[in-house]
Amino acid sequence: MLKILIVEDEKNIRTIIKKYLSKFDITCIEADNGKKGLELFLDNKNSIDLILMDVMMPVMDGVTATKEIRKVSDVPIIMLTAKSEDEDEIEGLEVGANDYVTKPFNLDVLLLRIKKIINIENTNELELSKEQRSVIKNGKLIPLTKKEYLILEYFFENPNIILTRDQILNRVWGIDYFGDDRVVDTNIKRIRKKIDEEKRYIKTSSGTGYIFVK
């Protein structure tokens, strides 16, 4: 089951979205301002799949909250804006939002935007093939380098657990490796480009390593 954080100061909008998304087996948690949304995300960041973030809110606005979240996570964020001006939408995208929806919005359109980002209909679409040392996505074989495969194999063996860069280095490059640990980040970037451009599966744990959500 997917979990979405709704950060919106209007209770009726939160209620309508939550009720609608529950029909599609999506759990929603709520916050009525950016500060509470940020705190709620930090307390649940390993289980939240996407954030719906209003722009104009009291205490802390959505743009500021998004900036703070982007310091620690790549979780997908869709901005909800009541403005029609391009500046509001552009600012949200510039600080790290993945998409935006202008109010008033159609709930079916909102669901399509969510599906586009986190692929709700195929939450278990990745399969690891040890025989072919590759990954199968949506039935398609994805070729990987030896190091990319070994990283993914390690992820598949340890889902939903933070793996540090040192742990990944020791497993994939060996304990005798003394090079720069940024080689891990470089390979993760290549893996994401091949199978996870939406960052649905491989999430960054700021300053620590990565979490493979499966």
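This section describes a three-stranded sheet with its packed helices, and then helix 5, in a predicted model.

The sheet is open and consists of three strands in the order 9-11-10. Their pairing is antiparallel. Strand 9 (162-164) and strand 10 (202-205) stand at the edges. Each has a single partner strand, so one side of each is left without a neighbour in the sheet. On average, neighbouring strands are turned by 35 degrees against each other, direction ignored. Strand 10 is joined to strand 11 (residues 209-212) by four bridges. Ser205 stands opposite Gly209 in strand 11.

Two helices pack on this sheet. Helix 6 (residues 146-157) touches strand 9, strand 10 and strand 11. The direction of helix 6 makes about 60 degrees with that of strand 11. Helix 7 (residues 165-172) touches strand 9 and strand 11. The direction of helix 7 makes about 70 degrees with that of strand 9.

Helix 5 (residues 107-118) has 12 residues. From its first C-alpha to its last it reaches 17 Å, close to the 16 Å expected at 1.5 Å a residue. Leu110, Leu111, Ile114, Ile117 and Ile118 of helix 5 are buried. These residues cover an arc of only 125 degrees around the axis, which puts them on the same side of helix 5. Leu112 and Lys116, on the other side, are exposed. The cover over the buried residues includes helix 1 (11-22) and strand 1 (2-7). It also includes strand 2 (26-31), strand 3 (50-54), strand 4 (77-81) and strand 5 (99-102). At the start of helix 5, a side-chain oxygen of Asn106 comes to within 2.7 Å of the backbone nitrogen of Asp108.

Conventions:
Residues numbered from 1 in each chain as written. Predicted model: local features only at pLDDT ≥ 70, side-chain atom pairs only at ≥ 80, totals over all residues. Heavy atoms only, no water. Pairing = 2+ DSSP bridges. Axes fitted to C-alpha atoms, helices over the stretch in contact; angles between N-to-C directions. Contact = heavy atoms within 4.5 Å. Expected span 1.5 Å × (residues − 1). Buried < 20%, exposed > 50% of the residue type's maximum accessible area, 1.4 Å probe, protein only. Arc of directions from axis to C-beta. Polar contact = N/O pair within 3.5 Å; in protein donor to acceptor, adjacent residues only side chain to side chain.
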